[in-house]
Amino acid sequence: MRHPRTGVLTGGLILLGLAAIPVRGGERALVNTAKSPDARMYMVDLGDAQWTGGLWGGRFAVCRTTMIPHIWELFQNEKDSHVWANLLLAAGQDQGVVDRRHEGPPFDDGDFFKWFEALAQTYAVTHDPATDALMDRIIGVVAQAQRADGYFHTPTVIAERQGAAAVKEFADRNHFETYNMGHLMTAACVHYRATGKTTMLVLARKAADYLCGFYQRAPPELARNAICPSHYMGVVELYRATGDPRYLELAKQLIEIRDEVKDGADQNQDRVPFRQMTKAVGHAVRANYLYAGVADVVAETGDQTLLRPLEAIDRDVVDHKLYLTGATGALYDGASPDGSDDFDDIQLVHQAYGRDFQLPNLTAYNESCATVGFVLWNWRMLLLTGDARYADLVEQSLYNGVLAGISLDGIRYFYVNPLRKLRDFAWPLRWSRERQPNIQRSFCCPPNLVRTIAEAQDYIYTLSRDALWVNLYGASTLDTTWSGGGRIKLRQETDYPWSGAIKFTISEAPAQPVALRLRIPGWSRAGQTAVSINRGPVAGEFRPGTYFELRRTWQPGDVVQLDIKFQPVVLEANPLVEETLNQVAVRNGPLVYCLESNDLPAGVRLEDVALPLGGGSDRFTINRRQIAGADVATISLPALVLPRDRTDVDRLYHEVDPAPPRTIQLTLIPYYAWDNRGDTEMTVWLPVR
Ligand SMILES: [Zn+2]
């Protein structure tokens, strides 16, 4: 048997090391739960779902033509980055410069593999031979940079090559070895599934085998070295790709060994045994990666004692700690547990989840990687449960937090993602409040965002033994093999997220009945959704936050129309969110909107604008326009400009100007599109008067 797209001989059973694995539909997916006993659904194979235009089609095109090549240039240019130079050095390709050292952060290898993953994902769509050749070349270098025992970490390998005597693996928790090896495994699985080649997978197995041995002899204290645990997801995916049960055992052991840590800390989510956790704490990227990896283990084991804390923590985030933009991790720095009776219990945290309702806007940390991690976690919760609540969360984070991480031209990135920016807030924060073309101190976010944009199309459709699930809406095609038997081929036509008219045309379907499950978004209003088949209305409740099921034997040419009414809505937060008290935000469909200072009339300051209370839906006008060459829909609405005496406004307190406000027409843009028109001010939340 040949890989259907690459033609590489796979033989029906692939012999890989000692494992023989079958190849069938869903097993070449980004996350392969096709055989996972406790997963409700599984993803379609890489390349089976593709954007055909619209917002995400545009983002994928920029990803392929600009984001990925731009990062590759950065990696190779030593003025900007040492990532590729480090790999060459570790591979022994130092071109005779024997005294060079590893440079840059120790987690660069993992960030390189995130970028490689994006490359493999785009190959699954384009089948571009030059991309394939580039991946082959890179894999050759990675193979040489890997130690014979499978250990992979360029800082250590380079030092060993140069004869440094005191180099030890896992000597420092901030060396991120397991993070680097975890991303090697994930990237290798995507490469294998995209190309049918096992060249990278072999390296990932060596690394996993090394970790299997290491954790058999490692004391529990070393579990704490596994910060930012991307390897939980990595080893489970490798188990799925190879069928080798040792990797699933390793994943289970990685969770157990955390609980044995005696002096754990909330920052690394190991102060409390995992099964006793109910709250999201500590470093938000590490937390979200941990939760995602544990969800992977649940899919394979059905361990309900692990699922219950995941559900409780997810609920905690959604009810208390999630920004409207789908971002998480409010704090630059903080203390946990805050306000403890015992002074000795207070521990520092950074880049972290805050207390309930602690959601500052100007100083919101919201690392882009945490938003990506939140998508990875909730996506796995959706695969486990089929609960549309998790698809809503994935959509919220993708359309707002993830898209905002990269400029529309695809070459500048946010590390942190505030919901407000004011010029007078001038004291230095740790990270830039404008997107940067390179983040040399930590290049974790850019390739993480890029791989997520490359892979968003994999989230549109999923399958189960009785159904095709539509999780995301956007112009796209699907051509896939169904485990129930037969092929499913359809086209989705829509300009979502600008409107909610969505048309599916089926061109091929199995001979037996299949349920088409359409997600009715949680943000939609009851009674505002309609469904028809071949122009005949379908009766139903269409409850927001659920999947609506249409089950029948589908015929080629069948047309399903889904109409979700779009209407801008004005939202307020729980009053305990002190930073948004008496303020509102505007959302239309899945998109959160913001006010950017470029759109204000001359002389009007961002902080002087308020929205009047009340008013009907007819006060909103939707306009289409371009920002930085990308199509967006803006929202226009009447607003108030509050008078402000400029002579004393900079004082800490000043008297309110008694003059009446004047009315202007305000323009709001999608949050993700801000900071594409120069150094501006911005706010998601606006006061009401
Ligand atoms: Zn990051």
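This talk covers a zinc site, one helix, one lysine and one sheet in the structure above.

Colleagues, please bear in mind throughout that this is a predicted model.

I begin with the metal. The zinc ion is held by four side chains: Glu367 through OE, and Cys369, Cys444 and Cys445 through SG, at 2.1 to 2.3 Å. What is the geometry around the zinc ion? The angles subtended by the 4 donor atoms run from 96 to 117 degrees, and the arrangement is therefore tetrahedral. Along the chain, the donors of the zinc ion are spaced as E-x1-C-x74-C-C. Distant parts of the chain are linked here: glutamate 367 belongs to the loop between strand 6 (347-352) and helix 12 (368-385), whereas cysteine 444 belongs to the loop between strand 7 (420-421) and helix 14 (445-455), and the pair is 77 residues apart. Both glutamate 367 and cysteine 444 are buried.

I turn next to helix 8. This helix comprises residues 230-242, 13 residues in total, and spans 18 Å from its first C-alpha to its last, close to the 18 Å expected at 1.5 Å a residue. Is helix 8 mostly covered or mostly uncovered? Of its 13 residues, 12 are buried, so by the cut-off of under 20% relative accessible area the helix is mostly covered. Among the buried residues are the charged Glu237 and Arg240, as well as His231, Tyr232 and Met233. Glycine 243 follows helix 8 and has a positive phi, near 75 degrees.

The third topic is lysine 321, which is located in helix 11 (residues 304-321). With a relative accessible area of 5%, lysine 321 is buried. Which side chains make polar contacts with that of lysine 321? One is aspartate 316, at 2.7 Å; another is aspartate 356, at 2.8 Å. If neighbours within four places in sequence are set aside, the residues in contact with lysine 321 include Lys279, Ala280, Tyr353, Arg355 and Leu359.

Finally, the sheet. Here 5 strands form an open sheet with mixed pairing, in the order 3-8-9-13-16. Strand 3 (42-43) and strand 16 (546-552) occupy the edges; each has a single partner strand, so one side of each lacks a neighbour in the sheet. Strand 3 runs antiparallel to strand 8 (residues 461-463), and 2 bridges join them. In this pairing, tyrosine 42 is opposite leucine 463 of strand 8.

To close, I would return to two buried places: glutamate 367 and cysteine 444 at the zinc ion, and lysine 321 with its polar contacts to aspartate 316 and aspartate 356.

Note on methods:
Residues are numbered from 1 along each chain as its sequence is written. This is a predicted model: local features need pLDDT of at least 70, side-chain atom pairs count only at pLDDT 80 or more; totals for chains, interfaces and linings use all residues. Side-chain values use heavy atoms; hydrogens and water are left out. Donors are N, O and S atoms within 2.8 Å of the metal (3.2 Å for Na, K and Ca); water is not among the atoms, so sites may look incomplete. Four donors count as tetrahedral if all angles lie between 85 and 135 degrees; four count as square planar and six as octahedral if opposite donors are over 155 degrees apart and all others between 65 and 115; anything else is irregular. Helices (H or I, at least four residues) and strands (E, at least two) are DSSP runs, numbered from the N terminus. Buried means under 20% relative accessible area, exposed over 50%, partly exposed in between (1.4 Å probe, protein chains only). The expected span of a helix is 1.5 Å times one less than its number of residues. A polar contact is a pair of N or O atoms within 3.5 Å; within protein, one must be able to donate a hydrogen and the other to accept it, and residues adjacent in sequence count only if both atoms are side-chain atoms. Contact means heavy atoms within 4.5 Å. Two strands pair if DSSP finds at least two bridges between them.
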